[in-house]
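Student: Could you take me through one part of this model closely? I would like to see how its helices pack, and then how its strands pair.

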Amino acid sequence: MDIICVNDYEEMSEKAASIVVEHIKQLSKPTLGLATGSTPEGLYKSLIQKYQQNQISFKDVTTFNLDEYTGLSKDDPNSYHYYMSHRFFDHIDINPSHIHIPNGKASDFGQECIKYDEYIRKNKIDIQILGIGENGHIGFNEPGTPFASRTHVVELAESTIQANSRYFKNIEEVPTKAITMGIETIMESNMILLLVSGEKKAEAMERLLNDNVSEDFPASILQRHGNVKVIADKKALAKVKDLTRVLC
Ligand code: GLP
C-alpha cells in the first residue's frame with residue numbers, strides 16, 4: 001500500500017485526477033470503478049476540467065459504481081445515479097451505454113446483484129476509486145461483511161445512516177438498505193485508489209495502517225491488495241504517529 005500525503009482536499013483531488021488521467025491514456029478501453037460521497041466530488045470536478053481543456057476523453061471508458069441505495073429511483077436527488085449524472089457524467093463525453101450503476105429499483109435484487117457482478121467479472125476494473133466510511137466501510141460493506149462477499153444487498157449500519165443523513169431532509173428518509181459491490185469484487189480491481197480527507201476520517205486512517213486485517217474493519221483488507229494507492233490529506237493523517245510509511 002503506497003500512502004501519499006497531501007496538504008488538503010484540493011491537492012488530494014488534483015493528485016487523484018492526474019493518476020486517473022495518466023492511466024486512462026495508457027489503456028485502450030479503460031474501466032473505472034467509481035465512488036460517491038463527498039470525498040470524490042473534487043476528483044470529478046478536476047476530471048471535468050481536464051476534459052474541457054481537451055486533456056482527456058472518456059468516450060472509450062466504461063464505469064461501474066460501487067453502490068446504490070435500494071428504493072430510490074434514478075431521478076431521486078439522493079440516489080447515486082443522480083449524484084453521478086449531475087456531478088460527472090453529464091459534463092463529459094462518456095457513452096451512456098458504458099455507465100453501470102446498480103439499480104436501486106430492481107424488481108429482483110438477488111438477480112440484479114448477480115447480473116452486476118457478472119458484468120464486472122467480464123470487464124475487469126482497471127482503477128477502483130474508493131472512499132472510506134468512519135467505521136471502515138468500503139462501498140457499503142459494513143463491519144462484519146465477509147471478505148469473500150460479491151455484489152449483494154446490505155443492511156446499513158446505524159452510524160452510516162447517521163453519517164449519510166446530512167444529504168437527506170431528515171434521518172427517516174435515509175434508506176436502510178443498499179446494493180454494494182462485495183469486498184472480493186472490489187479486491188479484483190487491478191489498482192485501488194483510496195481517497196481520505198478530513199479529521200472525521202483520522203481514526204479510520206490510523207486503523208487502516210495499524211489494525212490487523214479483520215472483517216471488523218473492512219478497509220483493512222486493502223493491506224492484502226498488491227496495488228493500492230492511498231491519497232490522504234494532513235487532517236486525515238493527524239492520528240498516524242509513525243509516518244515512516246507515508247510519502248510526503
Ligand atoms: C458512503 C458511500 C461510500 C463512501 C462513504 C464515505 O456510505 N457508500 O462509498 O466512501 O460513504 O463518504 P464521504 O466521502 O462522504 O465521507
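Tutor: The helices come first, and the strands follow. This is a predicted model, in which local features need pLDDT of at least 70 and side-chain atom pairs count only at pLDDT 80 or more, while totals for chains, interfaces and linings use all residues. Residues are numbered from 1 along each chain as its sequence is written, and side-chain values use heavy atoms, with hydrogens and water left out.

Helices (H or I, at least four residues) and strands (E, at least two) are DSSP runs, numbered from the N terminus. Two packed helices are described by the angle between their axes and the distance between the axes. Axes here are lines fitted to C-alpha atoms, for helices over the stretch in contact, and angles run from 0 to 180 degrees between N-to-C directions.

Start with helix α1 (residues 9-26) and α2, whose axes come within 8 Å and cross at roughly 55°. The two helices are therefore oblique to each other; angles under 35 degrees count as roughly parallel, over 145 as roughly antiparallel, 65 to 115 as roughly perpendicular and the rest as oblique. In contact, meaning heavy atoms within 4.5 Å, residues of α1 including Y9, S13, E14 and A16 meet residues of α2, among them E41, G42, L43 and S46. The residues of this contact divide into 7 nonpolar, 4 polar and 3 charged. Ala, Val, Leu, Ile, Met, Phe, Trp, Tyr, Cys and Pro count as nonpolar, Asp, Glu, Lys and Arg as charged, and the others, Gly among them, as polar.

Helix α2 (residues 41-52) also packs with helix α3 (residues 80-87): their axes come within 10 Å and cross at roughly 35°. Here E41, Y44 and I48 of α2 meet Y83, M84 and R87 of α3. By class, that contact has 4 nonpolar, no polar and 2 charged residues.

Now the strands. Strand β6 (residues 127-130) is covered on both faces, with I127 and I129 on one side and Q128 and L130 on the other, all buried (under 20% relative accessible area, with a 1.4 Å probe and protein chains only; exposed is over 50% and partly exposed in between). Two strands pair if DSSP finds at least two bridges between them. Strand β2 (residues 31-34) runs parallel to β6 and is joined to β6 by 2 bridges, and G33 has Q128 as its bridge partner. Strand β9 (residues 191-196) is also parallel to β6, with 4 bridges, and L130 is partnered by L194.
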